[in-house]
Amino acid sequence: MTSSRLVGFGVNTAVLAFRSTTGSPCECIPDTNADRAVDGNDLATVLGIWGPTAIGAVADFDGNRLIDGFDLAAIVCGWGLCY
Ligand SMILES: [Ca+2]
Ligand SMILES: [Ca+2]
């Protein structure tokens, strides 16, 4: 019960952050391979480098040097074709 609340909080935080910085939620920011889609390849990138990372890592969407629930939430939020 406690962990599901934390996951929900993370998703909401990601959506709000994208709205505040880009003007609309779920733009193509999580497209890690620039193929104009957020899909399993991008998800694999996030999961493959999960945890502490270097500055500028491709899947660190909020730039906190940690691949975590925020970055995963960005993938879920942006899932699909980019327009
Ligand atoms: Ca992609
Ligand atoms: Ca991050």
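**Exercise 1. The disulfide**

Which residues form a disulfide, and how far apart are their sulfur atoms?

*Solution.* The model is predicted: local features need pLDDT of at least 70, side-chain atom pairs count only at pLDDT 80 or more, and totals for chains, interfaces and linings use all residues. Residues are numbered from 1 along each chain as its sequence is written, chains are lettered from A and ligands numbered from 1 in the order in which they are written, and side-chain values use heavy atoms, with hydrogens and water left out.

Step 1. Apply the criterion: a disulfide is a pair of cysteine sulfur atoms within 2.5 Å. A search of the whole structure gives one.

Step 2. Name the pair. Cys 28 and Cys 82 form the disulfide, with their sulfur atoms 1.5 Å apart.

Step 3. Place the pair in the chain. Cys 28 lies in the loop between α1 (2-22) and β1 (37-38), and Cys 82 in the segment after β4 (80-81). The two are 54 residues apart, so the pair links distant parts of the chain. Helices (H or I, at least four residues) and strands (E, at least two) are DSSP runs, numbered from the N terminus.

Step 4. Get the handedness. The torsion about the S-S bond of Cys 28 and Cys 82 is about 55 degrees, so the disulfide is right-handed.

Step 5. Check burial. Both Cys 28 and Cys 82 are buried. The classes are buried under 20% relative accessible area, exposed over 50%, and partly exposed in between (1.4 Å probe, protein chains only).

**Exercise 2. Calcium ion, ligand 1**

List the protein donors of the calcium ion (ligand 1) and classify the site.

*Solution.* Step 1. Collect donors: N, O and S atoms within 2.8 Å of the metal (3.2 Å for Na, K and Ca); water is not among the atoms, so sites may look incomplete. For ligand 1 they are Asp 31 (OD), Asn 33 (OD1), Asp 35 (OD), Ala 37 (O), and Asp 42 (OD) twice, at 2.2 to 2.7 Å.

Step 2. Read the spacing along the chain: D-x1-N-x1-D-x1-A-x4-D.

Step 3. Test the geometry. Six donors count as octahedral if opposite donors are over 155 degrees apart and all others between 65 and 115; four count as square planar by that rule, or as tetrahedral if all angles lie between 85 and 135 degrees; anything else is irregular. The six donor atoms of ligand 1 give angles of 50 to 161 degrees, and the site is irregular.

Step 4. Compare exposure. Asp 42 is buried at 0%, whereas Asp 35 is partly exposed at 35%.

**Exercise 3. Calcium ion, ligand 2**

Repeat the analysis for the calcium ion (ligand 2).

*Solution.* Step 1. The donors are Asp 60 (OD), Asp 62 (OD), Asn 64 (OD1), Leu 66 (O), and Asp 71 (OD) twice, at 2.2 to 2.9 Å.

Step 2. Their spacing is D-x1-D-x1-N-x1-L-x4-D.

Step 3. The six donor atoms subtend angles of 48 to 168 degrees, which makes the arrangement irregular.

Step 4. Asp 60 is buried at 9%. Asn 64 is partly exposed at 36%.

**Exercise 4. Pro 52 and its partners**

Locate Pro 52 and find its contacts beyond four places in sequence.

*Solution.* Step 1. Pro 52 sits in strand β2 (residues 51-52). Its relative accessibility is 74%, so Pro 52 counts as exposed.

Step 2. Contact means heavy atoms within 4.5 Å. Leaving aside neighbours within four places, Pro 52 touches Arg 65 and Leu 66.

Step 3. Pro 52 and Leu 66 are 14 residues apart in sequence, yet 4.4 Å apart in space, C-alpha to C-alpha. Leu 66 is also one of the donors of ligand 2.

**Exercise 5. The whole chain**

Summarise the fold elements and burial of the protein chain.

*Solution.* Step 1. The chain has three helices and four strands, in the order α-β-α-β-β-α-β from the N terminus.

Step 2. Of its 83 residues, 34% count as buried.
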